[in-house]
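Here are some notes for a colleague who is opening this structure for the first time. They are meant to be read with the model on the screen, one point at a time.

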Protein chains: 2
Amino acid sequence: MTTLKDIGEELSLSVATVSRALNGFPEVSLRTRQKVRETADRMGYRPNRVAQRLVTGRSGMVGMVLKIKPDMTADEMFFEILTRLTAALSVRETDLVLAVDQGTDPVAPYERMIERNILDGFILNAPQTNDPRIAFLRQRGIPFVVHGRAAPDADYAFYEIDNQAVSADAVDLLVALGHKSIALINGTLRHAYAADRLTGFKTAMARHGLRPQATSEAVIESHGYTKALAMLAAGTPPTAFLCASTQVAAGVVRATADRGLRIPRDVSIVAHDDAHSQVRAVDFDPPLTVTRAPLRDACEPLAELLLDVLGGKPAPECQRLIKAELIVRGSTGPAPKEA
Amino acid sequence: MTTLKDIGEELSLSVATVSRALNGFPEVSLRTRQKVRETADRMGYRPNRVAQRLVTGRSGMVGMVLKIKPDMTADEMFFEILTRLTAALSVRETDLVLAVDQGTDPVAPYERMIERNILDGFILNAPQTNDPRIAFLRQRGIPFVVHGRAAPDADYAFYEIDNQAVSADAVDLLVALGHKSIALINGTLRHAYAADRLTGFKTAMARHGLRPQATSEAVIESHGYTKALAMLAAGTPPTAFLCASTQVAAGVVRATADRGLRIPRDVSIVAHDDAHSQVRAVDFDPPLTVTRAPLRDACEPLAELLLDVLGGKPAPECQRLIKAELIVRGSTGPAPKEA
DNA sequence: CTGAAAGCGCTTACAG
DNA sequence: CTGAAAGCGCTTACAG
């Protein structure tokens, strides 16, 4: 392996100058800089990251813990996220070390990774309300960025879509179309995003003087199906549904079909689309109106924000609240005339 | 962060002695060793891996490239392999850095990772015959271990099941049951394991003076189905099938059912089972006779072997050829009486 | 049994 | 614009 010293000897320069030249310091003369670059290339120089890391006090590695399903099966599109995150970190000279969480204690895998003493920080995902992992990392003073935020008053770095606005935008659209009986089929409330969606939903409904209906359970087709079926059979059935995901929307669609109702004539549907599920919004008939915020879009900002945090940027400047797009398609229409 | 120096000052010892004590060197007196250990614990000492790595010349990181499917979907059970491998490396103070191969050049991702100059070695999987990645790493002198071996005369570290024996064992079992017309529904021959299975099959059949029938394609249900259907309709239909996987076996079962044949009365089936597929051998009716070698069992030895290689152990001592189990269940029986 | 010293390959004040 | 020096935190011959 060729080192700075080798290059220095070749050119009769000190390692200090070679180092500065290679790092593009302006005080080094252009001629020297060019000569050094050239020689470095010729000699196949690659900086020793470990040495760089020792002197800078950073390891150049960040950790992420993957929560996996009990059957140890992989999440759809997991690899795309992994790829994008790896790439985004890689251009920042940072490596990603993965761990898998299979136990009951959500904090344990983080402790294990910290124990190893080689990580500069963490990327967390899927935060829950009062997430113990966040409390733990903060208490230990370990830098991290969260994909999502555990509470509206988060004082740490995060990248998140505005989930209250997700609900509010959908409600506003439906109300403008004349809907008054609107139901939210939401995710489990221990997930922070679902709590935000519910808050946004209730607030928006109240603003319009309407009474909210909501159910919060697992984001799966059957949740949409069973709850929509029950709601449609009730006294004042919803004329519109907000669905936590396209999977949930698929269940709602099935329920409306079972009841002999038509979309959007009898029932309107809006879903949130993270562009991650195998169930594609445009493949519905009619295609789904959605609030859309691709999960994959988070990778680049997450890497950027984490590096900012590691660089000492204050937390309030490392927070990104993104608006989801509202894409109107065929699944929403005017409210049916009242009987 | 507390360092060796801190501990040394606390105890009025040199960093050298503290280092030796903590690393359990026998020349340090027991009393000193205990005192140092105690103080280190009390002060919350964690060795700085980066410094250790600089001085030992190793980064403590190894790479693995995942070849993913075009739809970027995850392989079944991928997380279990990832977990086990991470755990096996972790106890050896080694971290795993993943990259994803999405391109056409199989070597490119390795070049990119080497470029970064922080890896001690690689774990390769799914070797192909004349695998260019192996040629590349060897030419560059980069340590690696292969899960599988690209050729029977491999001169590098590998962990692999004896795929020739997999076929031979199955053939021997079937011949003992009186079968003479035996077909192999094999994986694509560019995969080294499939080439070995075919060789083993032909050799074993020749040894018994029988004529081999084989087809080598993708390891999917439809391959088993279409080929078995065609073979069963031919002049001398097989009375037994060797299947590359449980998926392939499912196809063969479907084909025999279509032909109105019974298992094992009319047709016997042996499959190879890596205990990785969602299609479980014991769930068949009748349950499948298999050669069994769980993929997950490779994780621990792979980690061990790679660390051996990094430690300078010669390649011939870093090769493991494992016999798969032969588990006889209901899908094999005596050959039908000849008509 | 323990210590002083050199060194791993880099970066970065401090001088000049 | 360039160099000599110190230092990041560890390990390990070399002495004693």
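The numbered points below take up the two chains, the DNA, one sheet and some details of the backbone.

1. The model is a predicted one, and the points that follow should be read with that in mind. A good place to begin is the relation between the two protein copies: chain B is superposed on chain A by a rotation of 180 degrees with 0.1 Å of shift along its axis, and the RMSD is 0.1 Å. This is the relation of a two-fold axis.

2. Where the copies touch, 30 residues of chain B are in contact with 30 residues of chain A. On the side of chain B that touches chain A, helix 4, helix 5 (78-90) and strand 2 (95-101) of chain B each supply at least two residues, and the largest share, six residues, comes from helix 5 of chain B. By type, the residues of this side of chain B divide into 16 nonpolar, seven polar and seven charged. The copies meet through the same surface, because 100% of the interface residues of chain B are also interface residues in chain A.

3. Around DNA strand C there are 25 residues, of which Thr3(A), Ala16(A), Asn48(A), Ala16(B) and Thr17(B) come nearest. Both protein chains contribute elements here, since at least two residues of the surface near DNA strand C are supplied by each of helix 2 (15-22) and helix 4 (49-56) of chain A and helix 2 (15-22) and helix 4 (49-56) of chain B. Helix 4 of chain A provides the largest share, five residues. The residues of this surface are 13 nonpolar, 10 polar and two charged.

4. DNA strand D is likewise surrounded by 25 residues, and the closest are Ala16(A), Thr3(B), Ala16(B), Ser19(B) and Asn48(B). The elements that give two or more residues to the surface near DNA strand D are helix 2 and helix 4 of chain A together with helix 2 and helix 4 of chain B. For this strand, helix 4 of chain B gives the most, with five residues. The residues of the surface near DNA strand D divide into 13 nonpolar, 10 polar and two charged.

5. Further along chain B, six strands form an open sheet in the order 7-6-8-9-10-12, with mixed pairing. Its edge strands are strand 7 (213-216) and strand 12 (325-327) of chain B, each of which pairs on one side only. Neighbouring strands of the sheet are turned by 15 degrees against each other on average, with direction ignored.

6. At one end of that order, strand 6 (residues 182-186) and strand 7 of chain B run parallel and are joined by four bridges. Within this pair, Thr215(B) in strand 7 is the bridge partner of Ile185(B). Helix 9 (residues 192-207) of chain B packs on the sheet and touches strand 6, strand 7 and strand 8 (240-243) of chain B, its direction making about 170 degrees with that of strand 6. Helix 10 (residues 221-232) of chain B also packs on the sheet and touches strand 6, strand 7 and strand 8 of chain B, while its direction makes about 155 degrees with that of strand 6.

7. Some details of the backbone deserve a careful look, because most residues other than glycine have a negative phi, and most peptide bonds are trans. In chain B, the peptide bond from Ile263(B) to Pro264(B) is cis, with omega near 5 degrees, and Pro264(B) is placed in the loop between helix 11 (246-258) and strand 9 (268-273). The peptide bond from Asp285(B) to Pro286(B) is cis as well, with omega near -5 degrees, and Pro286(B) has its place in the loop between strand 9 and strand 10 (289-292) of chain B.

8. Which residues other than glycine have a positive phi? One of them is Glu93(A), with phi near 55 degrees, in the loop between helix 5 (78-90) and strand 2 (95-101) of chain A. Glu93(A) is partly exposed, with 15 other C-beta atoms within 10 Å. Another is Ala126(B), with phi near 45 degrees, which lies in the loop between strand 3 (121-125) and helix 7 (132-140) of chain B. Ala126(B) counts as partly exposed because it has 14 C-beta neighbours inside 10 Å.

Note on methods. Residues are numbered from 1 along each chain as its sequence is written. Chains are lettered from A and ligands numbered from 1 in the order in which they are written. This is a predicted model: local features need pLDDT of at least 70, side-chain atom pairs count only at pLDDT 80 or more; totals for chains, interfaces and linings use all residues. Two strands pair if DSSP finds at least two bridges between them. Axes are lines fitted to C-alpha atoms, for helices over the stretch in contact, and angles run from 0 to 180 degrees between N-to-C directions. Two residues are in contact if their C-beta atoms, placed from the backbone, lie within 7 Å. A residue is near a molecule or strand if its C-beta atom, placed from the backbone, lies within 6 Å of it. Ala, Val, Leu, Ile, Met, Phe, Trp, Tyr, Cys and Pro count as nonpolar, Asp, Glu, Lys and Arg as charged, and the others, Gly among them, as polar. Copies are superposed by least squares on the C-alpha atoms of residues with pLDDT of at least 70 in both. A residue is buried if 20 or more other C-beta atoms lie within 10 Å of its own, exposed if 12 or fewer, and partly exposed in between; C-beta atoms are placed from the backbone.
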